[in-house]
Amino acid sequence: MIWVWIALAPILGGLVYGGERVLRARMQRRLGPPFLQPFYDMFKLLDKRTLIVHAPHALLAVAHFFALWFSVAAIFLGWNLLYIVFLHLIAQMLLILAGYSVRSAYSHLGANRELLMLVAYEPILILVAVGLYLVSGSFEITGMIQKGNYLAQLPLLFAALLMIVPIKVKKSPFDVGEAHQEIVGGVEIEYSGVFYEFLYMSRFLEYLFIYSFVFIFGGESVWLGAVLVAGVFLLVNLVDNATARVRTPQMIKIIYMAAMPLAVLNLVWILL
Amino acid sequence: MKFFIPFRKKSPWILHYNAGSCNGCDIEILAALGPKFDLERFGVINTGNPKQSDIFLVTGPVTYRSRERLVELYSQIPEPKVVIAVGSCTTTGGVFRGMYNVEDGIDRYIPVDVYVPGCASTPQLIIDAIVKALDILEAKSKEIEKPFKLFGAIETIGNKLSRLNMAKKVELHEKN
């Protein structure tokens, strides 16, 4: 049964993304695209002629997608959370390599920003894993979701996680990596057709990846987890519609000066 | 494949290029994309990247400086693609017709599928044009389309087609 869910993960993420586009449109009081719009885009991209810069560049996008899929699968299977964070790191490295492998200046800028985003959110993800370990006594997700009530003991860590969700799903104020108005998508600029589709689908998987971290905070109660995910989803979109983009150094400063102390403070509190 | 063709109509991504326009038509295009007229309900995204676009929205009479870029952008859009000329200047040259530093409309350089009149053309007209363009997009084949002028060559390297030299640069003595 779980293998079916793993196989359907990109489709599940696509539904989340489609729902999000409709939700954002409704927040701006407009009709918005159809709910299944991401799948229409995918089918259209399959039929387009594809321009390739060079073969490794195109293959790195495919590798990025499958590495990300593997880390999402590891979450579904309930593996070690720390291990999953590093698996996800491998996927991001492939994307950054793809960005640096072409001569386009925008692609390089995008890869630089992608690296800086990694610098910003990776410590928080590891601290989240450590915090969950300190409370539950296990790094395994299967062990974590058998204990309850993380929210009472790790409220500040949850707030820190909340601050990095917009970086991961590329939403304002932390959408520097994509930034369509200034660097035209960053690392994805040289992709087209089928290979762009892999990057488009990996965005769906990012949603599943980061929101499953939020879900784990619900603990043994599935309902609490679902409510947390829905609440964070709404909040992130609300903030996305209400704020402008910050610059990359500002983003790192905000994460290091606000989210990091919160996370560390919470860990110290747990340890004492 | 036949299965994919209906989906062309459902997710047209646009590339907007200003070939020396006065910004009037550009503002109207952005208004059409904005919350009031909401082009996104047709699945439109303003990608700003030729390699991921289907519809090429051009505004402005083609100034000499913008010729190279226009043809370069056109040749970087993968087929099937549709070109929409937005505004009087883009279709005929408009008030700039016959001036020493503009070409009269983009159809001297690239094949145009839909012409939109108006100075500036309204968001309603632009939405109409895009809906019209969707039918053309659906009927098109995946043949490589060539610009009329500044067309270099499509070479075969190995067994692959290369577009590297598809758009030629303007000769130095033609520049001003």
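In chain A of this predicted model, contacts between residues with a separation of 6 or more are drawn mainly from distant parts of the sequence, since residues 24 or more positions apart account for 76% of them. Of the 272 residues in the chain, 44% count as buried.

The overall dimensions can be read alongside these values. Taken along the principal axes, the box filled by the C-alpha atoms of chain A is roughly 60 × 45 × 40 Å. A compact globule with 272 residues would have a radius of gyration near 19 Å, and because chain A has 18 Å, its value agrees with that expectation.

Turning to the secondary structure, chain A contains 13 helices and zero strands, so that its pattern, read along the sequence, is written α-α-α-α-α-α-α-α-α-α-α-α-α.

One pair of these helices shows how parts of the chain meet. Helix H2 of chain A, which covers residues 9-27, packs with helix H11 of chain A, which covers residues 193-216, at an angle of about 85°, and their axes lie 8 Å apart. Because angles of 65 to 115 degrees count as roughly perpendicular, H2(A) is roughly perpendicular to H11(A). On the side of H2(A), the residues that take part are A:Ala9, A:Pro10, A:Leu12, A:Gly13, A:Gly14, A:Val16 and A:Tyr17, and in H11(A) they meet A:Met201, A:Arg203, A:Phe204, A:Leu205, A:Tyr207 and A:Leu208. Sorted by character, the residues of this contact between H2(A) and H11(A) comprise ten nonpolar, two polar and one charged.

Definitions and conventions:
Residues numbered from 1 in each chain as written. Chains lettered and ligands numbered in written order. Predicted model: local features only at pLDDT ≥ 70, side-chain atom pairs only at ≥ 80, totals over all residues. Axes fitted to C-alpha atoms, helices over the stretch in contact; angles between N-to-C directions. Helix = DSSP H or I, 4+ residues; strand = E, 2+ residues; numbered from the N terminus. Parallel < 35°, antiparallel > 145°, perpendicular 65-115°, else oblique. Contact = placed C-beta atoms within 7 Å. Nonpolar A, V, L, I, M, F, W, Y, C, P; charged D, E, K, R; others polar. Rg over C-alpha atoms; globule rule 2.2 N^0.38 Å. Buried ≥ 20, exposed ≤ 12 C-beta atoms within 10 Å, placed from the backbone.
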